[in-house]
Amino acid sequence: MGSPAPIKDPTMPAPVLGPGQTYTTVTQKLSAIITSRTPLGWIAAMLIAGAILQLLMLSATWLLIKGTGIWGLNIPVGWGWAIINFVWWIGIGHAGTLISAILLLMRQQWRNSINRFAEAMTIFAVMCAGMFPLLHTGRPWVAAYWLLPYPNTMSVWPQFRSPLIWDVFAVGTYFTVSLIFWYLGLIPDFATLRDKAKHKISQIIYGVLSMGWRGSAKHWFNYEMAALLLAGVSTPLVLSVHSIVSLDFSVGLIPGWHATIFPPYFVAGAVYAGFAMVLTLGLPIRYFYGLHDYITDRHLNNMGKVMLATGLIVAYGYAMEQFFAWYSASPYEGYMMQNRTFGPYSGTYWSLILCNVAIPQLLWIKQVRLSPSGLFIISMFINVGMWLERFIIVVTSLHRDFMPSSWDMYHSTPWDWGLYAGTIGFFLFMMILFIRVMPVINIFEIRQLVANKSKHAETASADD
Amino acid sequence: MAQLFPRGSNAFARISIVVVLVVVGTGLTILLNTNRLHYTTDVQVAKKQPVPFSHKHHVTGVGLDCRYCHTSVEESSFANIPPVETCMTCHSQIWTESPLLEPIRESYRTGNPIEWVRVHDLPDFVYFNHSIHVHKGIGCQTCHGQVDQMPLMWKVNTLNMEWCLECHREPEKYVRPREEVFNMAWKPMDERGHAVSQALLGAQLIQDYDINPSTDCSTCHR
Amino acid sequence: MALGEVVETQYHFEKAKRILSLDADFMESGAASVRHARHVALGRKVIDGQKADMNRIYAVESTPSNTGSFADHRLPLKASQVEGFARAVATTLGINTTGGNSAGHDTWLNALVKDLAAHQGASLVIAGDHQPPAVHALAHAINNALGNVGETVTYTDPVEAEPTNQCASLKDLSVDMSEGKVSLLVVLGGNPVYNAPADLNFAAAYQKVTTRIHLGQSQNETARLSHWHLPEAHALEAWGDTRAFDGTVSIVQPLIEPLYGGKSAAELVAMMLGDGRADYDRVKEYWQEQYKDSDFETAWQTYLHDGLVPDTALPERSVSLTENYGTPSQASEGLEVNFRLDPTIGDGRYANNGWLQELPKPHTRLTWDNAALIAPATAEVMGLQNGDVVVLSANNRSVEAPIWIAPGHPANAVTVHLGFGRTAAGRVGNGVGFNAYALQTSDSPWVASNASMTKTGQTYPLACTQDHHSMEGRALVRSGTVDEYEKHPHFVHEMGHDPGPDANFFDGIHDNDGKAWGMAIDLNSCNGCNACTVACQSENNIPVVGKDEVLNGREMHWIRIDRYYKGDLDNPELYNQPVPCMQCENAPCELVCPVGATVHSAEGLNDMAYNRCVGTRYCSNNCPYKVRRFNFLHYTDEETQSFKLQRNPNVTVRGRGVMEKCTYCVQRISAARIEAKVEDRELNDGDITTACQGACPTDAIVFGDIKDPNSHVAKLKAQQRNYGILTELNTKPRTTYLARLTNPNPEISQHG
């Protein structure tokens with residue numbers, strides 16, 4: 001580094017890329033994660049994740065053998081951990097799409113280094129989410145295809161007025177589009193890896209995956225067009241998918257579910273949870289692989305701000321629920337809110353307020369936003385808090401609704417937790433595998449940043 | 001650096017898109033139609049029975065009416081298989097030494113019913129009632145085919161729900177006068193014996209017999 | 001004691017306008033309970049436009065019962081206090097007795113007596129079977145003083161051929177057996193080793209008999225100690241005859257050949273007497289001898305067809321009072337234990353019957369267990385909660401039992417139910433509950449005094465189907481006094497919010513030319529007996545889930561009786577509400593099913609297609625009435641062969657993962673409709689009876705076509721008392737309720 005350290009201008013945003021990065025350093029650093037010898041730490045992490053994944057195998061198998069009775073479900077609480085986890089995982093997925101698509105359309109450069117693993121997180125989160133609607137049904141072997149519209153011998157179509165069918169299409173579309181978008185972004189990087197690969201088999205695999213990418217201007221032109229189109233398609237999905245998932249509840253008539261606030265509240269919550277998970281994954285990746293130059297203070301600061309903003313929207317949602325329970329003068333609504341706040345599950349409600357509303361207020365403080373450990377801890381609280389939010393929506397609304405004779409409690413069983421932990425194991429397993437076989441940060445987009453920076457430096461030095 | 005892939009790889013990749021679409025499309029079509037295949041539904045599959053009972057011989061040859069054996073079809077939901085005593089009304093006197101009829105005689109002696117192989121069977125969650133269909137003018141032949149020509153029994157219709165709904169939605173296409181329900185040779189005709197269109201005749205019969213078949217689920221699923 | 005000879009008392013509740021029950025659960029227990037329930041309910045039916053002429057029931061009881069909750073006024077007293085109360089009533093009416101003690105309820109007693117006296121010949125006093133002879137004697141005397149004899153109370157010769165004091169006889173046998181005087185004992189049915197009073201030491205004595213033969217339907221506790229166990233034919237497998245409580249004879253006809261080669265008791269005895277006739281011949285020939293006129297064959301066929309032999313009810317006879325009321329006994333000071341037969345499994349004979357074990361008991365809604373029922377006050381004093389295990393001691397014997405708080409139970413008393421704690425009931429009944437017979441003694445089999453209860457500190461899970469007893473201010477069961485109703489019949493509708501006529505977005509979606517099925521349930525007639533629940537279970541192949549699953553909240557009953565308490569828990573008002581599927585016209589469940597497994601039929605039923613259900617359970621979540629039941633596990637027993645005979649072939653047997661619910665017995669509707677069409681006639685009101693409707697003793701449930709203005713159900717729905725529950729949700733339920741009316745005595749200020 002030749003020139004003297006520039007004076008920090010507070011009106012300029014922090015840099016998106018660490019100093020002194022060139023095309024070579026970027027490519028070397030990011031592809032080394034894949035091409036270097038398998039680190040022992042990675043193997044250990046895979047084994048642990050694999051072990052937790054076995055819980056998924058075990059829990060799902062036992063579920064298919066015995067039935068949903070192995071969980072804590074009953075009448076009135078017909079939905080439990082499965083739906084809570086479904087919404088939790090789908091919500092988490094939304095951050096990836098927001099980063100990939102919306103921030104792309106808004107031309108935010110700070111998305112470049114986080115969008116790859118965030119989108120991977122989305123794919124794997126949606127995979128985890130997708131297991132639950134199927135597994136939670138009483139007869140998953142028919143649910144798998146009867147929920148799809150096809151001309152069957154019974155001359156019966158799915159019932160399209162049900163939000164659960166809307167889910168099938170929404171989540172299906174979301175998964176497909178996210179997968180295509182993610183794959184599209186991977187093509188130039190697969191080409192890089194194909195060129196960097198040492199063994200013939202890796203070369204062929206990456207070669208097939210990169211679909212003959214040459215890096216020509218024509219290829220780049222097609223790529224940019226496709227990326228913009230897909231971003232355009234994905235953007236409304238960020239808003240619509242979780243709105244539709246929220247309609248699973250809004251269309252129901254029980255107090256605590258029948259609320260018009262749910263679509264925006266859920267979408268905000270999804271972005272909130274998603275960014276928290278991006279941080280939960282991104283901060284360790286940054287630490288273990290020394291990626292501080294790519295995920296900089298600017299990223300931490302911005303992600304912290306997004307979390308704060310969405311957290312405030314979520315807090316507004318909670319406050320409005322309380323307000324309208326009182327303002328509506330509906331005895332059912334009033335009781336539901338009172339029960340939530342002071343009843344047998346009040347512990348979870350107040351934990352929710354702590355995790356989702358109180359602790360994230362620390363993000364107002366810049367030092368907290370720039371502190372990786374601070375952000376990591378807060379993101380874990382938010383992950384837990386968002387799970388608690390879905391728990392409260394699902395379980396506390398169901399357990400005491402209109403007819404007091406049916407009121408009952410939900411007692412979770414080890415199989416509830418086992419399946420949930422198993423999906424976390426699956427998620428981690430896939431993420432850790434992903435880190436090893438695909439570039440965790442988008443190589444070519446960082447190279448774009450390098451190009452922008454040198455262009456900027458040229459113009460800057462021209463101005464100087 | 002030497003090329004990893006042969007020259008035609010790009011072309012191959014492009015063609016494979018089309019191929020995959022075609023394969024998936026065909027595969028799905030086949031998969032979704034498995035329940036209509038004769039292999040699955042046993043349509044036109046003659047089933048081996050303990051005794052090779054020939055409807056052709058007994059109906060066309062001997063001249064028995066359906067109800068000689070299937071006695072409960074006008075009153076009950078179930079069109080019964082006759083008890084062995086019905087067979088013995090004739091076979092105690094004719095073909096008494098035939099080895100083919102030995103299972104009948106043995107059943108008569110021991111009281112153990114013959115284990116006929118069911119040809120027309122609906123799942124247990126489907127409740128079909130013969131008596132109302134017979135009463136409203138649905139001929140045996142409409143659902144069971146030309147039984148009088150069958151040396152062994154087989155299905156001519158899938159009995160799938162969509163097949164039942166065809167008639168329930170448009171009964172005028174399948175209904176016949178009550179007197180002709182057991183007539184295997186009937187063709188749509190008016191009282192004077194002139195051929196007439198099923199549509200016209202059907203429309204008239206719908207009114208006469210007050211036919212209004214329900215397509216509510218509980219009609220068949222209880 | 002009262003009348004100097006053994007007679008049968010026949011009660012005619014339909015003629016009674018004022019009824020006093022002295023610890024008699026006359027609607028639930030006793031041979032005539034079904035008739036009494038029906039007649040009492042008849043006396044409370046109220047119709048718009050006609051002057052309401054409701055009866056008034058006063059119940060003094062030592063343990064909460066359905067009769068007590070049905071009554072207009074209820075007084076909880078310890079069992080030993082009832083005698084003093086009865087004497088006080090008698091004295092006030094001028095009967096020559098002493099020792100009257102109103103237990104501090106003078107106002108109540110005076111108002112009661114005044115009311116009874118004002119209805120000479122139209123009142124009725126009945127004493128409970130568990131009360132001592134003195135109370136019965138007093139009851140007879142009071143009836144006599146009130147002019148009821150020959151009107152609401154009549155006497156007949158005893159129904160039993162040779163009435164004996166069964167308990168004393170059993171005691172004699174035990175003594176003889178223990179002294180080795182019995183060399184052969186044939187036990188025809190029953191289970192004395194299990195349910196004889198503990199002080200008789202029957203089991204030990206029985207084993208001293210040289211040859212012991214037991215005829216029974218299962219290898220029960222008595223069979224296990226016998227040398228021979230002979231399978232007994234079930235009543236439905238054998239020919240026989242029987243008498244009803246009023247003497248009417250019925251010929252018992254078998255429905256099926258004995259499944260397990262059993263013989264009836266009569267067959268066995270006949271065999272032992274060398275009578276080689278077939279069962280059928282023996283019964284027929286006996287009745288031929290009784291028949292005096294010429295054409296016996298026709299008469300016999302008529303008996304079999306009708307189910308009754310006409311004119312065999314015992315004739316009324318006159319009696320005379322001895323005026324012997326015994327010496328007044330003091331109410332006991334200490335803890336009293338009431339022994340009661342279990343409301344669902346009786347004396348234990350049905351312990352192996354899953355339906356009855358799982359049927360929630362009235363009031364407590366407990367299943368699969370008995371508990372020691374105590375008053376809220378007692379629980380508070382001792383610091384006890386539901387499920388705490390205590391050691392209950394009486395008569396120098398003790399047993400461990402979990403307690404259950406029963407609102408309305410008198411303080412300083414405990415109720416235990418017999419029939420549990422069996423060791424040889426079978427796979428289903430073994431080890432269920434605790435054996436209360438261990439405390440029972442033959443000198444006072446229904447009450448034990450000077451008992452004690454000590455905490456053990458342990459807890460025991462009790463499976464209750466309803467955890468919450470309050471209506472939380474929601475207008476689910478609406479009730480008022482009959483006066484309110486006469487002045488202001490519309491009061492029922494003001495208790496809730498009905499949506500206005502413009503509440504529907506679409507008009508008349510479900511209007512068609514055909515029938516429109518609906519149901520009306522009269523809460524003024526329902527006494528909470530649960531017969532509807534079992535009838536529905538039987539008709540619709542509803543599985544039994546077992547105690548663990550009931551603890552998890554997964555019982556499968558399609559119609560349930562909700563029980564709500566209101567007021568002071570020491571003597572609360574209790575409301576029963578049968579809840580089947582409401583068959584909503586705007587069904588919230590239909591909207592949310594993703595595969596269309598539940599859809600609306602043209603006749604207004606909410607159809608359930610089990611084969612289409614994939615089990616997302618959204619429908620159950622969206623049902624505000626929570627009438628839908630889900631098969632969380634494979635509850636249906638597919639292995640036990642005899643169940644294949646038991647099941648109704650007209651209803652699909654559901655497997656795992658499928659939602660089910662009340663269908664208004666659609667299989668019966670279909671069968672009736674098809675039959676009518678095949679016969680080219682119209683369906684008439686009364687052609688279709690749902691299972692619950694058929695089983696209800698008081699006609700509380702009425703089903704029919706609501707479009708037919710002459711149908712019974714349409715007329716009920718036109719009543720001012722008719723209302724739907726949660727109608728503000730605009731579900732438009734087809735099942736509606738008729739509000740409960742009470743007829744309180746204006747001189748008694750509150751319910752108690």
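Q: Which residues touch the most other members of the largest nonpolar core?
A: We're looking at a predicted model here. Its largest nonpolar core has 312 residues. The ones that touch the most other members come from chains A and C: M121(A), Y272(A), L22(C) and V414(C).

Q: Which helix of chain A gives the most to this core?
A: Look for the helix that covers residues 81–105 of chain A. That helix puts 16 residues into the core, and its name is α3.

Q: Which residues does V414(C) touch, leaving out those up to four places away in sequence?
A: V414(C) is one of the residues that touch the most other core members. With the sequence neighbours up to four places away left out, its contacts include L335(C), V337(C), N338(C) and A372(C). The rest of the list is L373(C), I374(C), L392(C), A451(C) and M453(C).

Q: How many residues make up the other core, the one with A79(B) and V134(B)?
A: This core lies apart from the largest one. Among its members are A79(B), V134(B), V175(B) and L205(B). Its full count is nine residues.

Q: Which element gives the most to the side of chain C that touches chain A?
A: The contact takes 43 residues from chain C and 39 residues from chain A. On the chain C side, α19 (588–592), α20 (618–622) and β27 (629–630) each supply at least two residues. The one that gives the most, with four residues, is α20(C).

Q: How do the residues of that side of chain C divide by class?
A: Stay with the side of chain C that touches chain A. Sorted into classes, its residues come out as 18 nonpolar, 15 polar and 10 charged.

Q: Is α10(A) parallel or oblique to α11(A)?
A: Helix α10 (residues 297–327) and helix α11 (residues 331–342), both of chain A, pack with their axes 7 Å apart. The angle is about 140°. Angles over 145 degrees would count as roughly antiparallel. This pair doesn't get there, so α10(A) is described as oblique.

Q: What is the handedness of the crossing where α10(A) passes α11(A)?
A: On the α10(A) side, the contact is made by E321(A), Q322(A), A325(A) and W326(A). On the α11(A) side, you'll find E333(A), G334(A), M336(A) and M337(A). By class, that's four nonpolar, two polar and two charged residues. The crossing is left-handed.

Q: Which element gives the largest share of the side of chain B that touches chain A?
A: This contact takes 12 residues from chain B and 10 residues from chain A. On the chain B side, α1 (9–32) and α9 (161–169) give two or more residues. The largest share, four residues, comes from α1(B).

How values were computed. Residues are numbered from 1 along each chain as its sequence is written. Chains are lettered from A and ligands numbered from 1 in the order in which they are written. This is a predicted model: local features need pLDDT of at least 70, side-chain atom pairs count only at pLDDT 80 or more; totals for chains, interfaces and linings use all residues. A nonpolar core is a set of buried Ala, Val, Leu, Ile, Met, Phe, Trp, Tyr and Cys residues joined through C-beta atoms within 7 Å. A residue is buried if 20 or more other C-beta atoms lie within 10 Å of its own, exposed if 12 or fewer, and partly exposed in between; C-beta atoms are placed from the backbone. Two residues are in contact if their C-beta atoms, placed from the backbone, lie within 7 Å. Ala, Val, Leu, Ile, Met, Phe, Trp, Tyr, Cys and Pro count as nonpolar, Asp, Glu, Lys and Arg as charged, and the others, Gly among them, as polar. Axes are lines fitted to C-alpha atoms, for helices over the stretch in contact, and angles run from 0 to 180 degrees between N-to-C directions. Angles under 35 degrees count as roughly parallel, over 145 as roughly antiparallel, 65 to 115 as roughly perpendicular and the rest as oblique. A crossing is left-handed if the near helix is turned anticlockwise from the far one by less than a right angle, and right-handed if clockwise.
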